[in-house]
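Biologist: I am new to this structure and would love a close look at one part of it. Could you walk me through the open sheet in chain B and what lies across it?

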Amino acid sequence: MATAMRAVVLLSAGIDPVSGRPAPVGTEIRAIGLARALGARMVGLHAGPPAPVLREYAGYGLADIVCLDGGEADPVAALAGAILSGALFAEGPVELVLAGRRASGGADSGLLPYAVAERLGWPMVADVAQAQRAGAQQAGASPDLDLEQARPRGARRAARVALPCVVGVHDVAACVPDFVFAQARAACLRALPCGLDGPPPVAEAAEERAYRRRPRLIAAAAQGTGGRVLVDPAPQDAARAIIDHLRALGVLPPPAGS
Amino acid sequence: MTGRPRRDPRAERAARQVGAGARPRFDLAQPPGGAGIGSSGRLRRDPRAEHARLLVPGGDRPRLARGGGAGIGAARAAAPAPAVRVVRVDDPACLVVAVPDLPDGRLDRLDRQVLGAARVLADAASGAVVLLGGAGMPDLGDAGPAGADRLALVDLAADDPDARAAIVCAALAALSPRHVLFPDSDDGADLARRVAARTGRGLMTGVEVLTARQAIRPCRAGRCEQVSAPPALLTLAADRVAPYAGAVREARPLAVDPPPAPPMAGRIRASAPRAADPATMTLAEAPFVVAAGNGVTDFALFRSVVAGLHATPGASRVVCDAGSMPRAAQVGASGTVLDAVCYLAFGIAGAPQHLQGLGRVEHVVAVNTDLHAAMVARAGLSVIADAQRVMPAIRDALAAEGG
Amino acid sequence: MALIVACLAWGLVACVLLAALGLARRWRRGRPVRVDWVAGLAAVPRRYLVDVHHVVERRPEAARMHVPAAGGLLGGSVALMLAALPALRGSRAWWAVVAVLFAAALWGAVLVRRRRRPAVPSFLSGGMFLWLPGALGAYAGGALLLALGLLAAPDGGSPLLLAPLVLTVGGAVGLLVQFARGPMRHAFAGTVWLAAHARPGRFGGGRDTALRPLDLDAARLGALAPSDFAWTALASFDACIQCGRCEQACPAFAAGQRLNPKALVQDLVAATRGGGASYSGSPAPNAPPVACRGGMDAPIIGAGAMIHPDTLWACTTCRACVEECPMMIEHVDAIVDLRRGQTLMLGQVRPGAAQALRRMRDSAEPGGRPLAARADALAALDVPVLPEGGETDILLWLGEGAFDLRHGRTLQALVRLMRLAGLRFAILGAAEPDCGDLARRLGDEATFRLLADEAIATLNARRFQRIVTADPHALHVLRNEYPALGGHWTVQHHTALLDELVTGGALRLAPRDLPPVAYHDPCYLGRYNGEVAAPRRLLDAACGTRVEMARHGLRSMCCGGGGGNPISDVDGAARIPDLRMAQAGAVGAAIVAVGCPGCTAMLEGVPAPRPEVRDIAELVLDAVVTA
């Protein structure tokens, strides 16, 4: 019986895009679900002081959340340091780091998981919709993870990666765990010193202001505004017109014979 | 500086503006070449050819190619522009590298916008745009029209994103460009972040406004925006910067030093993407949705038509309420909001709640008995007929083709 | 002989008491609650004779059965016991009294038998009920014969009386079994429940419908196992006599949505007794089978337990079952207790509900829409927004419906009418959070408290005379449920305000010549708040002809929109609003007048052809006469 994988879920103190209120980030919730689906033992890891919103993540199934006090100055170093420190699990080193696609409420660049992976020297696979442990493991060999990456229009790409690794979770991952108030209430938020040495990197000074909604470029529509209308055609003519139209749009493949 | 044509991006942008409303809207396909712009010494363009370049053949209604979908534009007409002047940049002051996704080896819609954005930055600095792509791309003939001065083709590892990033980093180190632009697509964003993490340089992701002087991107859950000078590395959000529509560029092949073998290759083994099964994929991701409403009574027939069309089944609320289709199939504000290319509605009048579910759908086809239904007004093709009679005809027509 | 008979009665009572002690021991394993026994027991006769019989009388044949059966049985048995006194034992008159009482009980037994002959109606249960008239008849008939024999010879015992004695003993044993294991325990459990009722305010014509706040720091939240229920609730489940009135009133049952309130209560009883499938009435329709395993501390909900989860989420919390229950059982409280356990302790809610709850936690709005967009429907009407510290006469609470374009038209009509009447009013604008109704009905008390605390703080920071809302759900929460959390205001439904304006002359209406209009009572206005007259007065003033649906007023049928039923999306055989619209069509209504955004949305979702749906505010605005 394989022992449970030791997974760390990176958590951010997100805000809700609609209301601007503190709220957990959807892909990070899915990251918890993904770790659960793998049967992993989980610790939540947050670079920053304990925030009430982190409790909400606990409601989705994280019993143990570690907050790296002071880690917000250099989150990459703080997170990587904590992951490598061995302080998160008594049983052994961290094998898997899960993160959302991007945070919501800060710079939201989606860069952090990559930077953490780079710092750890671990491979990083993004946009993961599904994960499972690869079967037929050699004894002693580092186990592999079979991942499924989400691609546009519902396409999927299989990827196999060796542990330890960093996994970014996509919005379409179906593994949203249930929110349980009793778990959120009971969760333990541990503050750990972040153990940063040396000065934090100088942040690039970017001007920040309220978001302005700007028009998107529109795809050139077909000539004329109204569509073509066939009133009461024969069913066969209607069918032909629809099929031809769908072919012209490229959504229906051409007939098998041609 | 010798006789190099000068362009006026402002004027070109203005020429693409549609209407005179308070909110500017831009027409991608309309070439800038309006009456007020042409002055002596300016480039001459062939708007017809440029329009044709974007056209997808077939059908009675012209449709402009848009990126992403496999199969779309598979037979795009290789309409070479009539020989106009090809613009050369022989001695660029700097390089701006665009790293397009090139799905199926071709520039897609966002790729062209990335090249357009690269053009903006290059032109401001008298630089050249370098298209960095994979070797062995079959159809990069439109790199020049899309704005590439140089074509740097390197052997990009397709199945290992780690290795791919290492190769791109090596190529960039060889080119030492001033700016590198990636599309903010799934693949482009992944590559850009890997490159940024590997090189330790800052990355500005999801840029929505890009001019020679500034770049703007949303942050803080889309409630704020960051403004800065155009950064060294950026990813460009979709449909924010117009593709290049000026004269054809040279697209001169550029030899790049062969990249070193990536040290950590083999950690990730990715296979080729496989298209989803339309019958089972989630509605929100489906490219082609066929939905049933009140006008459909025979759901076995409906399902066979959906299967025949290789589409994903959807339904109106009433149909789901009645239990004829599962709730997961419900389209609308209280169901799923679609992101499809095409939506074919059988017997759906189009209640406001339902139409909200068609938010980003580009093409709607309606089969409805009511000529004045809201769905008909939204549709590009409407058939005013009983869906129950049209569906068997479609099934039979598809069966006849297949047999 | 007479002494033997009297002793028999005493023995029977002793056995009944013993069985009652067994029941009480089971109830004691429930959650302790403080009960005012003195006041409660003193109130029992009145609660029974007035409140219970008020409900029982809605089925006259049931009332005609219950009076002789219960009166005869109880009176006769007590008279028999009193015959232990030598003075009475020797009195012919006393035996005559006993005989009359048992004759009544015998007649009652006949009537009980008739209810299930020739076939058991679908709403009644079979099982032990089938031989209950036999036991009752044997006991009453035997006792009647004994009394007649003793009437003939009070001091002597004829051996002829041995046969009726055996009959009486046999009947008494049967009744004991019916009491210990069967429906007859309702007599004892019902009395206890009436004395210790969880909502004493309901008696004497009162109304008490607010859900009780939950202590969110308690170790166990809501009810997962029978022992999590208040012991009085366990007693109330035992009080159920399976008359099936709740089943007939339940909209979810009518739509085949996996809920039957009667089966639910019986399943809860079975759960307290360790499971088993002894219930023999109609089940929850279309509900998947469950393992029927129970126990005082075993889970109630689940395929491996007593009740299928879908049953729980089919409830619209319309209180129709509570309104119809002659034992005054609080079904909705039980369902919300169970939902609280599922939601707060296990996170087991239906997917649509989970999404709505998450949006309520994160964006204070179940639809995830920006709060600032709530007043968009009123943008053209330029309604002032009441700032913090501001003052106005009437605060208009817009509610969740305001995001819907359709209800937006209702609100526009209401605002126009308030303008015509010259009222000073304002809205909260982006400061109005969701009131938390949906979260609370779904059992998510934590999210409800989050929203309620914010709403109460927002309202307490502003000054106004009263709150007016067009949403009865918000009305109920603001008026009845916020007081327990520190929000005390005068809250009015818009129909009450308009009625006040029309009655007071501030608005003049000229009845329009409209096709027949039927008023659909929103549950949260009618049953929850008892307001059924004002809307009808308004309609009478605004419309030509008004018709009543068969189910109206406090006994109206739900539209299917409450209690998170629509977002929980439980499979059913029909849709509740379709059934309701068919009822409107059956009485010839061409227009259904509504007073609730939920009802509007549900009833307008019924496919055509159907009656038109108009809010009362719209109909009143059309009829208003501007001088």
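Modeller: Happy to; here is a tour of that sheet, strand by strand and then helix by helix. Please keep in mind that this is a predicted model.

Let's start with the layout. In chain B, seven strands make up an open sheet, and reading across it the order is β9-β13-β8-β5-β6-β7-β14. The pairing is parallel. At the edges you will find β9 (204–207) and β14 (252–253) of chain B. Each of these two has a single partner strand, so one side of each is left without a neighbour in the sheet.

Now look at the β9 edge. The partner there is strand β13 (residues 233–236) of chain B, which runs parallel to β9(B) and is joined to it by two bridges. To find this spot on your screen, pick B:Val207: its bridge partner in β13(B) is B:Leu236.

Next come the helices. Helix α5 of chain B, residues 186–199, lies across β8, β9 and β13 of that chain, so the edge strand β9(B) is among the strands it crosses. Its direction is at about 145° to β8(B). Helix α3 of chain B, residues 109–124, lies across β5 (95–98), β6 (128–134), β8 (179–183) and β13 of chain B. This helix runs at about 160° to β8(B). Strands β8 and β13 of chain B therefore appear in both lists, as you can check for α3(B) and for α5(B).

Technical notes:
Residues numbered from 1 in each chain as written. Chains lettered and ligands numbered in written order. Predicted model: local features only at pLDDT ≥ 70, side-chain atom pairs only at ≥ 80, totals over all residues. Heavy atoms only, no water. Pairing = 2+ DSSP bridges. Helix = DSSP H or I, 4+ residues; strand = E, 2+ residues; numbered from the N terminus. Contact = heavy atoms within 4.5 Å. Axes fitted to C-alpha atoms, helices over the stretch in contact; angles between N-to-C directions.
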